[in-house]
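Good morning, and thank you for the time. I would like to take you through one structure. Please look at the sequence and the model together.

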Amino acid sequence: MFLVTGATGKVGGHAVSALLKEGARVRALTRDPGAARLPDGAEVVGGDLADPASLKAALDGVEAVLLVWPTLSGDHAAPETVAAIAGQVRHIVYLSARGVPDDRKTGQGFIMGSHARMEHLIEDSGAEWTFLRPTGFAANTLQWAEQIRETGTVHWAYGQAGRALIHERDIAAVGVRAMLDGGHAGAKHVLTGPRTLTQVEQVAAIGEAIGRPVRWVELTPEAVREGMIAGGLPPEMADAILTGHAAMAASPEPVTSTVEEITGAPATTYHQWARDHADAFR
């Protein structure tokens, strides 16, 4: 039996489908089983990762888990939850992030800090583990959808920031292979798309996918920061996001071949991702 947490999300949903295609027995964890729309054949169970006591039924008889963690919001329960999982599951495949330092002495804040703490807990848990460290999700550019639908433009900063964005389906595919195949225990897989594109190029790719031009409008970092804080983002997090994009404008993200090496198929291009999600931008 294989457990997928975050089973109704972008990565988890693809993982459930891929495991079923492999003929595996799949259990899908969700906080609201009645509302879950999952493929036939998946055993849907209720539970909340932030409430370790709710996970007993979900963990029963499980060999390996794809752990998609509720980053930040569930961190208070992380030690107890990881201990509960490790007490019943042989192999934890954890969805982390590119850029998490291997050196435990290196301080990290917010999202990277959350991932670093989770990795350390899992490493110390006694279970076998594999860490998936993807670069930015292509799906994160869905945040532009409303702007594109209404104005045909994207207003933001650092248009020349280069990212090797990855399709969520490819992350799931690597996770499935880590769960089903041997040889991944102790691995930290850095996952990227097949090509680095600037944000300006990403916007152009969306335009190609929907059949009409989409234009990038460059804003100052100060204006973007003001807007993020007005939208409720803590100033420290807004600063971290902008610092990261400034760094990617100066030094674009590198590309790895890990997806193809593990799955046997090339990583999906951002242009294909945009075609797959074109309706969201129309």
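With which residue does Arg98 form a salt bridge? The partner is Glu253, and the closest N and O atoms of the two are 3.8 Å apart. Please bear in mind that this is a predicted model.

Let me place that pair in its setting. The chain is divided into domain 1, residues 2–134, and domain 2, which is made up of 136–166, 192–254 and 266–281. Seven residues from domain 1 and nine residues from domain 2 take part in the contact. The centres of domain 1 and domain 2, taken over C-alpha atoms, are separated by 27 Å.

Between them, the two domains bury about 680 Å², and 84% of that area is on carbon and sulfur atoms. On the side of domain 1, Arg98, Phe110 and Pro134 supply 68% of the area buried against domain 2, more than any other three residues.

As for polar interactions, the count between domain 1 and domain 2 is one salt bridge. Zero residue pairs are found in polar contact across this interface, with both residues at pLDDT 80 or more. The residues of domain 1 that touch domain 2 comprise five nonpolar, no polar and two charged.

I turn finally to the aromatic residues, where the count comes to five pairs. One of them is Trp129 with Phe131: the ring centres are 4.3 Å apart and the planes lie at 20°, so this pair is stacked. Both Trp129 and Phe131 are buried. Trp144 and Trp216 form an edge-to-face pair, at 6.0 Å centre to centre and with 75° between the planes.

Thank you.

Methods: Residues numbered from 1 in each chain as written. Predicted model: local features only at pLDDT ≥ 70, side-chain atom pairs only at ≥ 80, totals over all residues. Heavy atoms only, no water. Domains from an automatic or database assignment. Contact = heavy atoms within 4.5 Å. Buried area = accessible area lost by both parts, 1.4 Å probe. Salt bridge = Lys/Arg side-chain N within 4 Å of Asp/Glu carboxyl O. Polar contact = N/O pair within 3.5 Å; in protein donor to acceptor, adjacent residues only side chain to side chain. Nonpolar A, V, L, I, M, F, W, Y, C, P; charged D, E, K, R; others polar. Phe/Tyr/Trp six-rings, centres within 6.5 Å; stacked < 30°, edge-to-face > 60°. Buried < 20%, exposed > 50% of the residue type's maximum accessible area, 1.4 Å probe, protein only.
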